[in-house]
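Work through the exercises below with the sequence and the 3D view side by side. Try each task before reading its solution.

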Amino acid sequence: MHIRPLGILSDHGEDVIWQCEAENVDLLLLETDFSPAAEDTKDVSARCDIAIEVRRRLPECKVYLACEDGCPEKLPALDKAVELALIDGYCVGSITPQQMRTWLNEAAEAMHRRESRRDWMCRQDVLSDE
């Protein structure tokens, strides 16, 4: 079992959601930009809207936000999004190799749980047919 990285170039929510579902992704990393020049589609709320829809369609998918450094006023919104389980986590500033390994491990654990449930359901189907 391995996690296949997928790059999604579009910032449009429906495109991201469609591609995640089409590729059955296990981990989605969304860039979040708080600069005044950024489009509205990259704020915390809009990114959480995408995360909610991706997780509705792919419940085991882990969703993280990568945020620019230097916007401490956004930390409460990011913390609240994690608390409400809208996203699985976030990173402010550069993503370290350790942070990426942690996120990949969390996605792998979710994949393993999904596969275990699928195997159990298949066994239940076989047993009920006998």
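**Exercise 1. A residue in its strand**

In which strand is the place of Leu30? Then decide whether Leu30 is buried or exposed, and list what Leu30 is in contact with beyond its sequence neighbours.

Solution. A word of caution comes first: this is a predicted model.
- Step 1. Find the element. Leu30 sits in strand 1.
- Step 2. Check the accessibility. Leu30 has 5% relative accessibility, so it counts as buried. The cut-off for buried is under 20%.
- Step 3. List the contacts. Setting aside neighbours within four places in sequence, Leu30 contacts Val16, Arg47, Ile50, Val63, Tyr64, Leu65 and Ala66.
- Step 4. Take a distance. Leu30 and Ile8 lie 22 residues apart in sequence, and their C-alpha atoms are 9.2 Å apart in space.

**Exercise 2. A second residue of strand 1**

Place Thr32 in its element. State its burial and name the residues it touches.

Solution.
- Step 1. Thr32 belongs to strand 1.
- Step 2. Its relative accessible area is 2%, so Thr32 is buried.
- Step 3. Leave out residues up to four places away in sequence. Thr32 then touches Lys42, Asp43, Val44, Arg47, Leu65, Ala66, Cys67 and Glu68.

**Exercise 3. The overall layout**

How many helices and strands does the protein have, and in what order do the elements run from the N terminus?

Solution.
- Step 1. Count the elements. There are four helices and three strands.
- Step 2. Read them off from the N terminus. The order is α-β-α-β-α-β-α.
- Step 3. Look at burial overall. Of the 130 residues in the protein, 32% are buried.
- Step 4. Look at the surface. The protein exposes about 8200 Å², and 53% of that comes from carbon and sulfur atoms.
- Step 5. Look at contact range. Take the contacts with a separation of 6 or more: 69% of them join residues 24 or more positions apart.

**Exercise 4. Building the sheet**

In what order do the strands lie in the sheet, and which are the edge strands?

Solution.
- Step 1. Three strands make an open sheet, ordered 1-2-3, with parallel pairing.
- Step 2. Strand 1 (27-32) and strand 3 (89-92) are the edge strands, since each pairs on one side only.
- Step 3. Add the twist. On average, neighbouring strands of this sheet are turned by 20° against each other, direction ignored.
- Step 4. Join strand 1 to strand 2. Strand 2 covers residues 62-67, and six bridges link it in parallel to strand 1. Across this pairing, Leu28 stands opposite Val63 in strand 2.
- Step 5. Join strand 2 to strand 3. Four bridges hold this pairing, again in the parallel sense. Here Leu65 has Tyr90 of strand 3 as its bridge partner.

**Exercise 5. Helix and faces**

What handedness does the β-α-β unit of strand 2, helix 3 and strand 3 have? Which residues of strand 3 are on its covered face?

Solution.
- Step 1. Strand 2, helix 3 and strand 3 form a right-handed β-α-β unit.
- Step 2. Recall the rule for a regular strand: side chains alternate between the two faces of the sheet.
- Step 3. Sort strand 3. Gly89 and Cys91 are on the covered face, while Tyr90 and Val92 are on the uncovered one.

**Exercise 6. Positive phi**

Where are Asn24 and Ala85 found, and what are their phi values?

Solution.
- Step 1. Asn24 lies in the loop between helix 1 (13-23) and strand 1. Its phi is positive, about 50°, although Asn24 is not a glycine.
- Step 2. Asn24 has a relative accessible area of 36%, so it is partly exposed.
- Step 3. Ala85 lies in the loop between helix 3 and strand 3. Ala85 is not a glycine either, yet its phi is positive, about 60°.
- Step 4. Ala85 has 47% relative accessibility, so it counts as partly exposed.

**Exercise 7. Cysteines**

How many disulfides does a search of the whole structure find?

Solution.
- Step 1. The search finds zero disulfides.
- Step 2. Check Cys20. The nearest cysteine sulfur belongs to Cys61, 5.7 Å away, and Cys20 is in no disulfide. A disulfide needs sulfur atoms within 2.5 Å.
- Step 3. Cys20 is buried, at 1% relative accessibility.
- Step 4. Check Cys67. Its nearest cysteine sulfur is that of Cys91, 7.8 Å away, and Cys67 is in no disulfide.
- Step 5. Cys67 is buried as well, at 3% relative accessibility.

Notes: Residues are numbered from 1 along each chain as its sequence is written. This is a predicted model: local features need pLDDT of at least 70, side-chain atom pairs count only at pLDDT 80 or more; totals for chains, interfaces and linings use all residues. Side-chain values use heavy atoms; hydrogens and water are left out. Buried means under 20% relative accessible area, exposed over 50%, partly exposed in between (1.4 Å probe, protein chains only). Two strands pair if DSSP finds at least two bridges between them. Helices (H or I, at least four residues) and strands (E, at least two) are DSSP runs, numbered from the N terminus. Axes are lines fitted to C-alpha atoms, for helices over the stretch in contact, and angles run from 0 to 180 degrees between N-to-C directions. A crossover is right-handed if, with the strands pointing away from the viewer, the path from the first strand over the helix to the second runs clockwise. Contact means heavy atoms within 4.5 Å. Accessible areas come from the Shrake-Rupley method with a 1.4 Å probe; for residues, only the protein chains shown count as cover.
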